Amino acid sequence: MSQSAPGAPTNRESGADTAPFDALIIGAGFSGLYQLHCLRDKLGLRVQVLEMADDVGGTWYWNRYPGARCDSESHSYCYAFSEEIYREWSWTERYPGPAEIRRYLRFVADRLDLLRDVRFETRVTGAEYDEGANLWRVHTDDGRTRSAQFLITAVGCLSAANIPKIPGLERFEGQWAHTGQWPHEGIDFRGKRVGQIGTGSTGIQAAPVIAETAAHLTVFQRTANYSIPARNGPLTEADQQTYKDEFGDLRRIMHEASNGHPFLISQRSARETPAAERRQVYEQAWEKGGLRFRATFADLLVDEAANETAASFIKEKIRQIVRDPETARKLATIDHPFATKRPPVDSHYFETFNRDNVSLVDIREDPIEEITPGGIRTRSQEYPLDVIVFATGFDAMSGPLLNLNLTGRNGLRLAEAWTAGPVNTLGLQVAGFPNLFTITGPGSPSVLCNMPVAIEQHVEWITDCIAHMREQGHERIETTPEAMDKWVRHVNEAANATLLPKANSSWYLGANVPGKPRVFMPYAGGMARYRRICEQVAGDGYTEFVFDA
Ligand code: NAP
């Protein structure tokens, strides 16, 4: 994974890196780049970004699997802090792919001259807070240690790959890869027998593309999933111009919407809408495609009967599309309400099962027992394979933070503080870890929101907080155990007011990773409400936090 992309930046260590920084930022994706811009260019701080990859991109650097594409529409999956920058970039498709997103981030990085303060190919191996000096000491895999007053993690929510420990993988003689660590040179599936494990957002995108060239694709499904057609397509110049002209309105809607997307959620109730009319609404949303399907009615995520109307509509579509009744049954036997697991959008996923070279194995009915040198063996038979694709998701939200090996005050390790699951205040700070901010940490709306919208709000809040500290002469900020209890209670209440906790195997709950504590991690109260809470905390003098304790 350390292979250089053409034209990749090659910033290396310099002597100046050894003096303490005002802030160190970990990660050069959407969050890290914007945080660098805000702290360096608005506050005038001395800042450096540490990034393990050899280029910007974050999640889009690593996720290069076949069919990878963002589910947020391109005109909203970008920064909105600068209308000028927004207008300078033109997206080519309704949904952007990884290469276009990387090009976009490079464009922003160049435009704001960010790269001179990014150190690539520099992986953080651990960091500890030095209380006497009020500095974070940050260690990297090149054996160096840098120091900074503030440490800001911008490591994303879905960056720690979950590779299931299926016995025998080490003996597999074919090629295998996890979608989130996809080889840059790609995998040539031509003439190959491919097994794909996982049918989440990733697997549902990958399968149709793999099937186009593979000799045979076997999809191993543990939990059947809903999916809505994406209806991707090129954007015309007129489309591009319209989005630019509507920038102000789009930004306002994204800020006011609970999910950060540039469309309004209907105020109507599915339960109270007459069946024929409701069906028409679903049909139109199905034709239009994308995450807008979730916005068709206000009660889909809070009322089981309302949800069932959407769920049964999608299951009916699956049965209509998939010709083999047994395959259709397996695909449409879905054990959770619609959208209680992150709902995928797809390009011809269900249609793929009509191809002669694609088959589906339901591993609840016929579990995988081991990986053999020649393939995958379930309880009933062996499937000979040349390639295994793990579309098995991530140790989400808390995983990337725990992987950093952070140690706070008095030797407290983050892993110890989070033994029973992640606890923090506003998703942004953990008691015992002064001057550490976690962008889109557990307890933030992040993954339930259009990510760039969530990221901009976090980055701006952190920037304002540090500016406030500078103005007031504060050196240290830390949340308290009481504030964390309060926030965790509120996060739980917000989740329990929805149907979201009803999906037992959801990564929102950490249930996809064996042994991970089951805690509903994202804040389900909505981005707009979260923004108001954060503004109030800051406006009231950063209640929930203590300065210079
Ligand atoms: P995911 O939603 O967690 O799906 C992982 C899949 O692997 C599930 O079908 C899961 O089954 C299966 N799986 C996990 N461990 C397994 C095991 N030991 N044996 C058999 N099957 C196993 O992961 P993802 O699809 O990578 O998506 C993660 C998130 O990334 C998405 O929800 C989304 O937020 C984001 N994402 C976004 C986009 C986009 O914007 N276009 C694209 C891809 C991903 P169970 O359901 O039974 O656990």
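Q: In which helix is Ala 467 found?
A: Welcome to this predicted model, where local features need pLDDT of at least 70, side-chain atom pairs count only at pLDDT 80 or more, and totals for chains, interfaces and linings use all residues. Residues are numbered from 1 along each chain as its sequence is written, and side-chain values use heavy atoms, with hydrogens and water left out. Helices (H or I, at least four residues) and strands (E, at least two) are DSSP runs, numbered from the N terminus. On that numbering, Ala 467 is found in helix H14.

Q: Is Ala 467 buried or exposed?
A: Buried means under 20% relative accessible area, exposed over 50%, and partly exposed in between (1.4 Å probe, protein chains only). The relative accessibility of Ala 467 is 16%, so this residue counts as buried.

Q: What distance separates the C-alpha atoms of Ala 467 and Thr 392?
A: Along the chain, Ala 467 and Thr 392 are 75 residues apart. In space, their C-alpha atoms are separated by 41 Å.

Q: How are helices H1 and H14 oriented to each other?
A: Axes are lines fitted to C-alpha atoms, for helices over the stretch in contact, and angles run from 0 to 180 degrees between N-to-C directions. The axes of H1 (residues 30-42) and H14 (residues 451-472) come within 9 Å and cross at roughly 30°. Angles under 35 degrees count as roughly parallel, over 145 as roughly antiparallel, 65 to 115 as roughly perpendicular and the rest as oblique. H1 and H14 are therefore roughly parallel.

Q: How do the residues of the contact of H1 with H14 divide by class?
A: Contact means heavy atoms within 4.5 Å, and the residues making it include Phe 30 and Tyr 34 of H1 and Ile 455 and Val 459 of H14. Ala, Val, Leu, Ile, Met, Phe, Trp, Tyr, Cys and Pro count as nonpolar, Asp, Glu, Lys and Arg as charged, and the others, Gly among them, as polar. The contact of H1 with H14 divides into nine nonpolar, three polar and two charged residues.

Q: How are H14 and H16 oriented to each other?
A: The axes of H14 and H16 come within 11 Å and cross at roughly 0°. That angle makes H14 and H16 roughly parallel.

Q: Which residues of H16 does H14 meet?
A: From H14, the contact uses Val 453, Ala 454, Gln 457, His 458 and Trp 461. By class, the contact of H14 with H16 has eight nonpolar, two polar and one charged residue. On the H16 side, the residues met are Met 527, Tyr 530, Arg 531, Cys 534, Val 537 and Ala 538.

Q: How are H9 and H10 oriented to each other?
A: The axes of H9 and H10 (residues 325-332) come within 9 Å and cross at roughly 155°. That makes H9 and H10 roughly antiparallel.

Q: How many salt bridges does a search of the whole structure find?
A: Side chains of opposite charge can pair when their charged atoms come close. A salt bridge is a side-chain nitrogen of Lys or Arg within 4 Å of a carboxyl oxygen of Asp or Glu. A search of the whole structure finds a total of 37.

Q: With which residue does Glu 73 form a salt bridge?
A: Glu 73 is buried, with a relative accessible area of 6%, while its partner is partly exposed at 23%. The closest N and O atoms of the pair are 3.0 Å apart. The two residues link distant parts of the chain, 219 residues apart. The partner of Glu 73 is Arg 292.

Q: How many residues apart in sequence are the parts that Arg 193 and Asp 386 tie together?
A: The side chains of Arg 193 and Asp 386 meet in a salt bridge of 2.9 Å, N to O. Arg 193 counts as partly exposed at 36% relative accessibility, and Asp 386 as partly exposed at 24%. Arg 193 lies in strand E8 and Asp 386 in the loop between strands E15 and E16, so the pair ties together parts whose separation in sequence is 193 residues.

Q: Near what value is phi of Leu 426?
A: Leu 426 sits in the loop between helix H13 (414-417) and strand E18 (436-438). At 2% relative accessibility, Leu 426 counts as buried. Its phi is positive in a residue other than glycine, with a value near 60°.
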